[in-house]
Amino acid sequence: MRCEELGGGRRHPKQTGRTIADCFDKEKPLLIPVKATFDSYVEKTLRVSSTCLIKVDHNRYSVPTAAANDSLRRMRYGH
């Protein structure tokens with residue numbers, strides 16, 4: 001992993017007598033594995049215009065006419 005490459009020889013910023021890798025090796029047995037899945041996304045409610053458009057990041061997108069003047073929930077992944 002990239003973080004292991006970078007931390008291998010670097011000194012810890014606060015514990016200057018040790019490397020980042022040394023500190024991580026000492027803390028590793030104390031870490032608890034995460035059992036839940038993590039779904040990374042940003043959720044936002046958008047208002048649909050009367051002309052069936054929504055605005056996302058300065059771009060306009062068309063949506064089905066049934067959604068005119070309504071609200072939609074947008075879930076953006078990989079932000």
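Here is a walk through the structure above, from its overall layout to a few individual residues.

This is a predicted model, in which local features need pLDDT of at least 70 and side-chain atom pairs count only at pLDDT 80 or more, while totals for chains, interfaces and linings use all residues. Residues are numbered from 1 along each chain as its sequence is written, and side-chain values use heavy atoms, with hydrogens and water left out.

Let's start with confidence. The predictor scores each residue with pLDDT, on a scale from 0 to 100. The chain averages 86, with 89% of its residues at 70 or more. The low point is helix 1 (residues 2–7), with a mean of 64, and the high point is strand 3 (residues 59–62), at 95. Where pLDDT is low, the predicted coordinates should not be read in detail.

Now the layout. Helices here are DSSP runs of H or I with at least four residues, and strands are runs of E with at least two, both numbered from the N terminus. By that count the chain has 2 helices and 4 strands, and they come in the order α-α-β-β-β-β. Of the 79 residues, 15% are buried, where buried means under 20% relative accessible area, exposed means over 50%, and partly exposed is what lies in between (1.4 Å probe, protein chains only). The accessible surface adds up to about 7000 Å², 54% of it from carbon and sulfur atoms; these areas come from the Shrake-Rupley method with a 1.4 Å probe, and for residues only the protein chains shown count as cover. As for contacts (heavy atoms within 4.5 Å), take those with a separation of 6 or more: 34% of them join residues 24 or more positions apart.

On the helical side, have a look at His12, in the loop between helix 1 and helix 2 (20–27). Beyond residues up to four places away in sequence, His12 touches Arg18, Thr19, Ile20 and Cys23. His12 and Asp22 sit 10 residues apart in sequence, and their C-alpha atoms are 8.8 Å apart.

Over to strand 4 (residues 71–77), which holds Arg74. What is in contact with Arg74, leaving aside its neighbours within four places in sequence? The list is Val42, Glu43, Lys44, Leu46 and Val56. Arg74 is buried but has no salt bridge, and Asp57, the nearest side chain of opposite charge, is 4.7 Å away. For the charge count, Lys and Arg are positive and Asp and Glu negative, with His and the chain ends not counted. A salt bridge needs a side-chain nitrogen of Lys or Arg within 4 Å of a carboxyl oxygen of Asp or Glu.

So which pairs do make salt bridges? There are 2 in the structure. In one, Glu43 pairs with Arg73, and the closest N and O atoms are 3.7 Å apart. That pair links distant parts of the chain, with Glu43 in strand 1 and Arg73 in strand 4, 30 residues apart. Glu43 is partly exposed at 42% relative accessible area, while Arg73 is exposed at 56%. Arg76 and Asp57 also meet in a salt bridge, at 2.8 Å from N to O. This pair links distant parts of the chain too: Arg76 is in strand 4 and Asp57 in the loop between strand 2 and strand 3, 19 residues apart. Arg76 is partly exposed, at 35%, and so is Asp57, at 45%.

Asp57 deserves a second look for its backbone. Most residues other than glycine have a negative phi. Asp57 is not a glycine, yet has a positive phi of about 50°. Cys52 also has a positive phi without being a glycine, at about 65°. Cys52 lies in the loop between strand 1 (41–47) and strand 2 (53–56), and is buried at 10% relative accessible area. The C-alpha atoms of Cys52 and Ala66 are 8.4 Å apart, with their positions 14 residues apart along the chain. Ala66 belongs to the loop between strand 3 and strand 4 and is exposed, at 76%.

Finally, the surface. Tyr41, Met75 and Tyr77 make a nonpolar patch of about 270 Å². Patches take residues with over 30% relative accessible area and no salt bridge, joining like charges within 9 Å and nonpolar side chains (Val, Leu, Ile, Met, Phe, Trp, Tyr) within 5 Å. Met75 is in strand 4 and partly exposed, at 31%.
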